[in-house]
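Please open the model in a viewer and keep the sequence panel beside it. The tour below proceeds by selection, with a short account of what each selection shows.

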Amino acid sequence: MKRRQFLQAAGMGAAATAIAKPAIAQSAPTIKWRLTSSFPKSLETLYGAAETLSKYVAEASDNKFQIQIFAGGEIVPALQAVDAVQSGTVEMCHTAGYYFVGKDPTFCLYTAVPFGLNTRQQNAWFYDGDGMKLLNEFGQKFNLYGLVGGNTGTQMGGWFRKEIREPSDFQGLKFRIGGWAGKIIEKLGGVPQQIAGGDIYQALEKGTIDAAEWVGPHDDEKLGLHRVAKYYYYPGWWEGAAALHFFINTAKWSALPKSYQAMLTAAAGLANVEMTARYDARNPVALRKLLNSGVELRPFTEAIMDACLKASNEVNAEAAAANADFKNIYESMTNFRNAEYIWWQVGEFSYDNFMIRSRRRG
Amino acid sequence: MKRRQFLTAAGAGLTATALAKPAIAQSSPVLKWRLTSSYPKSLDTLYGGAEVFAKAVAEATDNKFQIRVSASGEIVPGLQALDAVQNGNVEMCHTASYYYVGKDPTFAFGTAVPFGLNARMQNAWMFFGGGMDLMNALYKEYNVYGIPCGNTGCQMGGWFRKEIKEPADLNGLKMRIGGYAGLVMAKLGVVPQQFAGSDLYAALEKGTIDAAEWAGPYDDERLGLSKVAPYYYFPGWWEGGAMLHNFINLKSWEQLTPTYKSILRTASEMTNGWMLAKYDASNPPALKRLLAQGTQMRPFPPAVMDASLKAALEMYDEVSKTNPAFKAAWESTLAFRNDQYLWWQVAEYSYDNYLIRTRPRG
């Protein structure tokens, strides 16, 4: 056994004993956990979900179960949140699974794959389909138990300094775009760049990059991207919905009393609903402000969407051929999506369609 | 003081005393509540929501706070659930606010109004658009506190024995349609009828009514409506997203410890997300089965949609003239909705649009 593994195993054993004893003696032991978020405090939408979870768990347990929140970088860098949970450095984190596609591409199925599910469909797949069941089986390899913890809704396609009229306009384009979607941009001849949120503005201003995607109107406006790139494209086909998760170290989760597991589950359920509601309430206000400041809204052309879909299917097929977990969960998701959209076009889409067209009348 | 009032007051006093003591001594007193649902056990979506909620509360409190769920008719009829809570017969109910438009048409805004918000927008309005405060100001007058707890998503337009090709086809049509939407339908010449879900099949089969709307494919299939009316219309423009509520007797709510209040909230919102996910996952396979059995789907023709919108707008104006609470709720909903659809058409709608068109290629 390697030294690192040994230390980890010993640490976990000790924690399990410490918790197990009061769990028998009393069902409401005093527990203090640390949660590392992958987001800065300034993003009240994303960072706020962890605060919501912590608040409701504390209330439900009469402050006996306390979860202290740390912003990205305070304990570990934002993009190492999952590593910190895996090794037991912290008990849990709040992050986007797809930040960790470097470990295994299957991680992107926690958050979003290009041309995947929309927000409600994703929740349906997670909770009522096989989504979380399959992902939590996969997560065991990394000591992770996942609870759905928020969703941004469909994101925007990002900020471009020049108009993008046809697929060939992606040739040589230096585009700040994360993880999995970057592979698709690469297939189109683009040069994907990884840049932390706080550094995007400068890179775009200096021309180090030609385009950048972040989230949607509310979060993007905070970064000021509209001041350095005029064209705002939609939709973000790589994030029809982007789900966040609370990842809990599996040993810590198993050692919790049942009542505390129930509190975490319910509080995560509330945080999930709350984040989407918050984004949905704030995005229209921000979009209006952006339009008033001269932003030019552009849809990706049909030819571009088609080229991206083709490239996306190729990238996913390649990943599925090389990785059984990815293949299994990706197929579950696409089967679910294809059945969903048959229904979606009937009720939801036709209602939204009429409402969009007649909005000005009522 | 009337005898009934006296009894209620005395009863409430007793409960207060009984609760107050353990509330000081311990934050987790043993508590048994009754919840009356407006739904039959056969609907695992709507009735199931109350069960999911009660189970989450029991688990988080180590079974100290037990909520016994009763189906429609066991304690009171389904449409008297709110009255039972108002009088303190039971501590809480799970129901749709719009069943009580007879008391005040403003109740409709807690659930859905014609050409109103879709399911996500309804959550956004409730939690971040002032909806909760507006609605609870009304609910307070009826001695209850309301917490959102579930949503069906956009409903279907219902089952028709004959095709509806133009607005005139609605004239004289006997249709089972509830509450406020019935008033709007009446403007189009429809004769609205109120039936409990379990009686719909017989009424439609016998020809007592010509048409009936209930919810969507999954629930409608269980009522067997496809066997007695071939035409299935969409969208249900009176229910772009129908929200359910937990209503809690105000005194019962105020006497709860902060811990239990918090647990009721998280369990309600977890259930809110659960129910929509359950509908979104269950409707597509149900629709497929209905179509395989010969159901004929029809969109309401544009002229019918336009006439319905016109009638709805007239009705909003008329009721607003005499009811200030209704006026305030409508103006709040309208402003919120118009902002929402300005944004919705950009990312969500264009994403769904592309996915609907390309689904077979994915």
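## First stop: a loop in chain A

Select A:Pro235, which is located in the loop that joins strand S9 (231-234) to strand S10 (243-249) of chain A. This is a predicted model, and the geometry described here is to be read accordingly. Display the backbone of A:Tyr234 together with A:Pro235: the peptide bond from the former to the latter is cis, with omega near -10°.

Move next to B:Pro235, placed in the loop between strand S9 (231-234) and strand S10 (243-249) of chain B. Here the residue before the proline is B:Phe234, and the peptide bond from B:Phe234 to B:Pro235 is cis, with omega near -10°.

## The two chains as wholes

Colour by chain and show the C-alpha traces. Chain A contains 14 helices and 11 strands, whereas the secondary structure of chain B comes to 13 helices and 11 strands. The C-alpha trace of chain A spans about 65 × 50 × 45 Å along its principal axes, and the trace of chain B likewise spans about 65 × 50 × 45 Å along its own.

What radius of gyration does chain A have, and what would a compact globule with 362 residues have? The expected value is near 21 Å and chain A has 21 Å, so the two agree. For chain B, with 362 residues, the radius of gyration is 21 Å, which agrees with the value near 21 Å for a compact globule.

## The contact between the chains

Select the residues of each chain that touch the other. The contact takes 78 residues from chain A and 74 residues from chain B. Between them, the chains bury about 7,100 Å², of which 66% is on carbon and sulfur atoms. On the side of chain A, label A:Arg120, A:Trp343 and A:Tyr351: these residues lose the most area to chain B, together 11% of what that side buries.

Now add the polar interactions. There are 21 residue pairs in polar contact between chain A and chain B, both residues being at pLDDT 80 or more. Which helices of chain A each supply at least two residues of the side that touches chain B? They are helix H2 (47-60), helix H5 (119-128), helix H11 (258-292), helix H12 (302-322), helix H13 (324-344) and helix H14 (348-358). H11(A) provides the largest share of that side, 22 residues. Colouring by residue class, the side of chain A that touches chain B shows 37 nonpolar, 23 polar and 18 charged residues.

Salt bridges come next. The count between chain A and chain B is four. One to display is formed by the side chains of A:Arg120 and B:Asp280, at 2.8 Å from N to O; A:Arg120 is also among the residues of chain A that lose the most area to chain B.

## Inside chain B: a salt bridge and a loop contact

Over all chains, the salt-bridge count comes to 37. Select B:Lys103 and B:Asp83, which form a salt bridge whose closest N and O atoms are 2.7 Å apart. B:Lys103 lies in the loop between S3 and H4 of chain B, and B:Asp83 in helix H3 (residues 81-86) of chain B, so the pair ties together parts that are 20 residues apart in sequence.

Continue to B:Leu79, in the loop between strand S2 (65-70) and H3 of chain B. Neighbours within four places in sequence aside, B:Leu79 is in contact with B:Tyr99 and B:Tyr100. The C-alpha atoms of B:Leu79 and B:Tyr99 are separated by 6.5 Å, although the residues are 20 apart along the chain.

B:Phe115 is found in the loop between strand S3 (92-95) and helix H4 (119-128) of chain B. Inspect its backbone torsions: B:Phe115 has a positive phi of about 55° and is not a glycine.

## Last stop: a sheet in chain B

Show chain B as a cartoon and select the strands in the order S7-S6-S8-S5-S9-S11, which form an open sheet of six strands with mixed pairing. Where are its edges? Strand S7 (191-193) and strand S11 (296-299) of chain B are the edge strands, each pairing on one side only.

Within this sheet, focus on strand S5 (residues 158-160) and strand S8 (residues 211-212) of chain B, which pair in the antiparallel sense over two bridges. Finish at B:Trp159, whose bridge partner in S8(B) is B:Ala212.

Terms used:
Residues numbered from 1 in each chain as written. Chains lettered and ligands numbered in written order. Predicted model: local features only at pLDDT ≥ 70, side-chain atom pairs only at ≥ 80, totals over all residues. Heavy atoms only, no water. Pairing = 2+ DSSP bridges. Helix = DSSP H or I, 4+ residues; strand = E, 2+ residues; numbered from the N terminus. Contact = heavy atoms within 4.5 Å. Buried area = accessible area lost by both parts, 1.4 Å probe. Polar contact = N/O pair within 3.5 Å; in protein donor to acceptor, adjacent residues only side chain to side chain. Nonpolar A, V, L, I, M, F, W, Y, C, P; charged D, E, K, R; others polar. Rg over C-alpha atoms; globule rule 2.2 N^0.38 Å.
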